[in-house]
2 protein chains.
Amino acid sequence: MAEKKKAVVLLSGGLDSATVLGIVRAGGYEAYALSFKYGQRHRIELESACKVAKALGASKHLIMQIDLGAIGGSALTDNIAVPKNRDERTMGSEIPVTYVPARNTIFLSFALAWAEVLGAEDIFIGVNALDYSGYPDCRPEYIEAFERMANLATRAAVEGRSGIRIHTPLIKLTKSEIIRTGLKLGVDYSVTHSCYDPTAEGLACGACDSCLIRLRGFAGAGAPDPLKYQRA
Amino acid sequence: MAEKKKAVVLLSGGLDSATVLGIVRAGGYEAYALSFKYGQRHRIELESACKVAKALGASKHLIMQIDLGAIGGSALTDNIAVPKNRDERTMGSEIPVTYVPARNTIFLSFALAWAEVLGAEDIFIGVNALDYSGYPDCRPEYIEAFERMANLATRAAVEGRSGIRIHTPLIKLTKSEIIRTGLKLGVDYSVTHSCYDPTAEGLACGACDSCLIRLRGFAGAGAPDPLKYQRA
């Protein structure tokens, strides 16, 4: 029997990366899920990633610890206030304070290293160019440039073997389309987590950009959000 | 008085990156030195980096801890034997077991994040295409691809401000030329460290690829190597 193809999947615990893991598993890959403990303010994010990896049958789940807080510069690692109840038109027009400098570049670099060690050629990341509040490292031209660089960085490239592909199956989907895709594949969104500013008990705030986008997505998909919110 | 330009400099504790830091300081930059504790087998590497940063007047020296050992795949982090007394012609013809998968990609990604937070546009790395034993991520085409990707990854790129430059001042120099450059700038090579397999007391082995290349470099530069070796 032929060995299954291996894929490295970046997994945050949010609904986007959970959907990606669902897509990867439905595609017949052995999934190697990679998460990061990077000085996030909220432990619940990684707890969700562990639940998602288990629920969707990842072959391995590796959590890399990196101290992005030492570098600073983001509301997700520093003590900068997370904006609440912003108008949707404001969200996409500027880079938000929740942007973590070069985060996807760092995450994809570790994914590249792991792929090389595993002999995997496929890396999956749940970036989204429509709903993602204007982060520069979620755009297609950025992903293409990373893939090009990756194919000059590895043994495979030097030795003429086939190269690395960075897959972004969600990049052109709306949040509602992402949710509909995941629901068809049986992704259990009750174990995912999206909030930038949860309560001490782990309830989502319902008011940060990420909660607002998620709630709008479920409304558009015509499905109930199984998550508990602070304000119903 | 105008503020000095800031530069992020990758600093390993070896002679190449020490020379780069000397070049950066001579160029009038404020230097922000970045080192990594990445599961190296040898503590002496980081001790050397600290001494070099201090000796050459870095404004700040940040040591990021990352667990590359969890990913595996290299003699520098795993228990794979370091080759000794290899013929020089063998060194360049294959990728050595001391190659760490995607290491420079990971290191440059953190440098990019720090540069973005500092408002620095210049990143320096001491890669070398001639003497570096055929690592794929030391080649000029790789560095160019990283720079291109970096300029799509950052706030500056999105907001139309000027971009990131990856400087590789050593890329076309022989080891002897690197050493001559550093000596002219007053770099103290006695605090640097190059050996892949030092003794428990921190003495260089004199037989691994890195020691052989270093010793040949000093011989070619007509200068004595101030380092202590296990075998003289």
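Residues 24 or more positions apart supply 72% of the contacts in chain A that have a separation of 6 or more. Keep that figure in mind as we walk through this predicted model, beginning with chain A and then crossing to chain B.

Chain A holds eight helices and five strands. Along the sequence they follow the pattern β-α-β-α-β-α-α-β-α-α-β-α-α. Of the 232 residues in chain A, 50% are buried.

How are the strands of chain A ordered in the sheet? The order is 3-2-1-4-5, in an open sheet of five strands with parallel pairing. Strand 3 (60-65) and strand 5 (165-167) of chain A are the edge strands, each pairing on one side only. On average, neighbouring strands of this sheet are turned by 25 degrees against each other, direction ignored. As a reminder, strands of a sheet pair through backbone hydrogen bonds, either parallel or antiparallel.

For a closer look, take strand 1 (residues 6-10) and strand 2 (residues 30-37) of chain A, which pair in the parallel sense over five bridges. One residue to find here is A:Ala7, whose bridge partner in strand 2 of chain A is A:Ala31.

Now add the helices. Helix 1 (residues 15-26) of chain A lies across strand 1, strand 2 and strand 4 (122-124) of chain A, and runs at about 170 degrees to strand 1 of chain A. Helix 2 (residues 44-55) of chain A also packs on the sheet, where it touches strand 2 and strand 3 of chain A. The direction of helix 2 of chain A makes about 175 degrees with that of strand 2 of chain A.

What relates chain A to chain B? A rotation of 180 degrees, with 0.0 Å of shift along its axis, superposes chain A on chain B with an RMSD of 0.0 Å. This is the relation of a two-fold axis. If you look for that axis in the model, A:Ile66 is a handy landmark: its C-alpha is the one in chain A nearest the axis, 2.7 Å from it. The copies meet through the same surface, because 97% of the interface residues of chain A are also interface residues in chain B.

Crossing to chain B, you will find five strands in an open sheet with the order 3-2-1-4-5 and parallel pairing. Strand 3 (60-65) and strand 5 (165-167) of chain B each have a single partner strand, so one side of each is left without a neighbour in the sheet. Strand 1 (residues 6-10) and strand 2 (residues 30-37) of chain B pair in the parallel sense over five bridges, with B:Ala31 of strand 2 as the bridge partner of B:Ala7. Helix 2 (residues 44-55) of chain B lies across strand 2 and strand 3 of chain B, at about 175 degrees to strand 2 of chain B.

Helix 4 (residues 103-118) of chain B deserves a stop of its own. Its 16 residues should span 22 Å at 1.5 Å a residue, and its end C-alpha atoms are 23 Å apart, which agrees. Helix 4 of chain B lies across strand 1, strand 2, strand 3, strand 4 (122-124) and strand 5 of chain B, running at about 160 degrees to strand 1 of chain B. Is this helix buried or exposed? Of its 16 residues, 14 are buried, so helix 4 of chain B is largely enclosed by the rest of the structure. B:Gly119 follows helix 4 of chain B, and its phi is positive, near 75 degrees.

Definitions and conventions. Residues numbered from 1 in each chain as written. Chains lettered and ligands numbered in written order. Predicted model: local features only at pLDDT ≥ 70, side-chain atom pairs only at ≥ 80, totals over all residues. Pairing = 2+ DSSP bridges. Helix = DSSP H or I, 4+ residues; strand = E, 2+ residues; numbered from the N terminus. Axes fitted to C-alpha atoms, helices over the stretch in contact; angles between N-to-C directions. Contact = placed C-beta atoms within 7 Å. Least-squares fit on C-alpha atoms with pLDDT ≥ 70 in both. Buried ≥ 20, exposed ≤ 12 C-beta atoms within 10 Å, placed from the backbone. Expected span 1.5 Å × (residues − 1).
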